[in-house]
Amino acid sequence: MGVCTFIYDHYFLIKANFWDDLGTPEFYKILCIDMLAAFTIGAIPLIFGLFIVENNALKRNLLEAQKLNKALSERHKDEKGSNEMITLSGETKDSVTLLPQNIFYMEASGNYVDIYYKEEGKEKHKLLRSTIKQMEETMQPFEYFVRCHRAYIVNINHIIHISGNAQGYRLNLTETTEEIPVSRTYLKNLKKLKDIIN
């Protein structure tokens, strides 16, 4: 667009000769002005378009977060849960034995998974040499564990609030200050919450 504007300005309006003007300061001045004008004209609609897309994503995510928060407030969860303990282990001898309902979330950390849980009324965590995929498979029998991010598995019974912005969602859990991100890839898992928590 800028080159076309330059050709029009230089050769049709000014009626200049290409070979005579090539390399002169006037030639490059007009070229730079026309290229800058074309860039500016093209950038304004692009920025405006991005603003509209971001704004729509924000509205959509806020609305969905409100629906999920409503579902969370109306849920009828079993506070007791099962008394059956599970043992989580990795590729080493390290392991942790606990009630599944006491797990807040799991976070991938390199070749390890950090398990955050409640024991004797206190928040604790245990680092196991494992992958988040292996932990996801281990927790499959418990429908209240949901993969919400490539690095996180969350216990939906501990979600107290869901916030949304243009980038996605963040989860607030009971008894922990950590905000758990929800990536676009695993957004469908979060939307299933309405079916799971009712």
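## Sheets, salt bridges and local environments

Five strands form an open sheet, ordered β5-β4-β3-β7-β6, with antiparallel pairing. The edges are held by β5 (122-129) and β6 (145-149). Each has a single partner strand, so one side of each is left without a neighbour in the sheet. Neighbouring strands of this sheet are turned by 20° against each other on average, with direction ignored. The model is predicted.

Within this sheet, β6 and β7 pair in the antiparallel sense. Four bridges support the pairing. Phe 145 has Asn 155 in β7 as its bridge partner. In a regular strand, side chains alternate between the two faces of the sheet.

The protein as a whole has six helices and ten strands. Of its 198 residues, 39% are buried. Among contacts with a separation of 6 or more, 48% join residues 24 or more positions apart. The exposed area is about 12500 Å². Carbon and sulfur atoms supply 57% of that area.

A further open sheet consists of three strands in the order β8-β9-β10. Its pairing is antiparallel. Here β8 and β10 stand at the edges. Each of them has a single partner strand, so one side of each lacks a neighbour in the sheet. The average turn between neighbouring strands of this sheet is 25°, direction ignored.

The strands β8 and β9 run antiparallel and are joined by six bridges. Ser 163 stands opposite Arg 170 in β9. Strand β9 (residues 168-173) is also joined to strand β10 (residues 179-182), through four bridges. These two strands run antiparallel as well. Tyr 169 has Val 182 in β10 as its bridge partner. Five residues lie between the strands in the hairpin of β9 and β10. In that hairpin, Glu 175 takes a positive phi near 60°.

Glu 175 also takes part in a salt bridge, with Lys 118 as its partner. The closest N and O atoms of this pair are 3.3 Å apart. Lys 118 lies in strand β4 (residues 112-119), whereas Glu 175 lies in the loop between β9 and β10. The pair therefore ties together parts that are 57 residues apart in sequence. Both side chains belong to partly exposed residues: Lys 118 has a relative accessible area of 24%, and Glu 175 has a relative accessibility of 46%.

In total, the structure holds six salt bridges. Side chains of opposite charge can pair when their charged atoms come close. Another of these bridges joins Glu 119 to Lys 124, with the closest N and O atoms 2.8 Å apart. Glu 119 is partly exposed, at a relative accessible area of 29%. Lys 124 is partly exposed too, at 30%.

Glu 136 and Arg 147 meet through their side chains in a salt bridge of 2.7 Å, N to O. This pair links distant parts of the chain, eleven residues apart. Glu 136 sits in helix α4 (residues 132-138), and Arg 147 sits in strand β6. What is the burial state of each partner, buried or partly exposed? Glu 136 counts as partly exposed because its relative accessibility is 25%. Arg 147 counts as buried because its value is 9%, under the 20% cut-off. Lys 133 joins the picture as well: Lys 133, Glu 136 and Arg 147 are linked in a network of salt bridges.

His 158 lies in the loop between β7 (152-155) and β8 (159-165). β7 belongs to the five-strand sheet, and β8 belongs to the three-strand sheet. His 158 has a relative accessibility of 9% and therefore counts as buried. Which residues does His 158 contact, leaving aside its neighbours within four places in sequence? The contacts are Gln 101, Asn 102, Ile 103, Phe 104, Asn 172, Leu 173 and Thr 174. Of these partners, Asn 172 and Leu 173 fall in strand β9 (residues 168-173).

The surface also carries a nonpolar patch of about 330 Å². Phe 48, Phe 51 and Ile 52 make up this patch. Ile 52 lies in helix α3 (residues 25-73). With 36% relative accessibility, Ile 52 counts as partly exposed.

Note on methods
Residues are numbered from 1 along each chain as its sequence is written. This is a predicted model: local features need pLDDT of at least 70, side-chain atom pairs count only at pLDDT 80 or more; totals for chains, interfaces and linings use all residues. Side-chain values use heavy atoms; hydrogens and water are left out. Buried means under 20% relative accessible area, exposed over 50%, partly exposed in between (1.4 Å probe, protein chains only). Contact means heavy atoms within 4.5 Å. Patches are made of residues with over 30% relative accessible area and no salt bridge: like charges are joined within 9 Å, nonpolar side chains (Val, Leu, Ile, Met, Phe, Trp, Tyr) within 5 Å. Accessible areas come from the Shrake-Rupley method with a 1.4 Å probe; for residues, only the protein chains shown count as cover. A salt bridge is a side-chain nitrogen of Lys or Arg within 4 Å of a carboxyl oxygen of Asp or Glu. Two strands pair if DSSP finds at least two bridges between them. Axes are lines fitted to C-alpha atoms, for helices over the stretch in contact, and angles run from 0 to 180 degrees between N-to-C directions.
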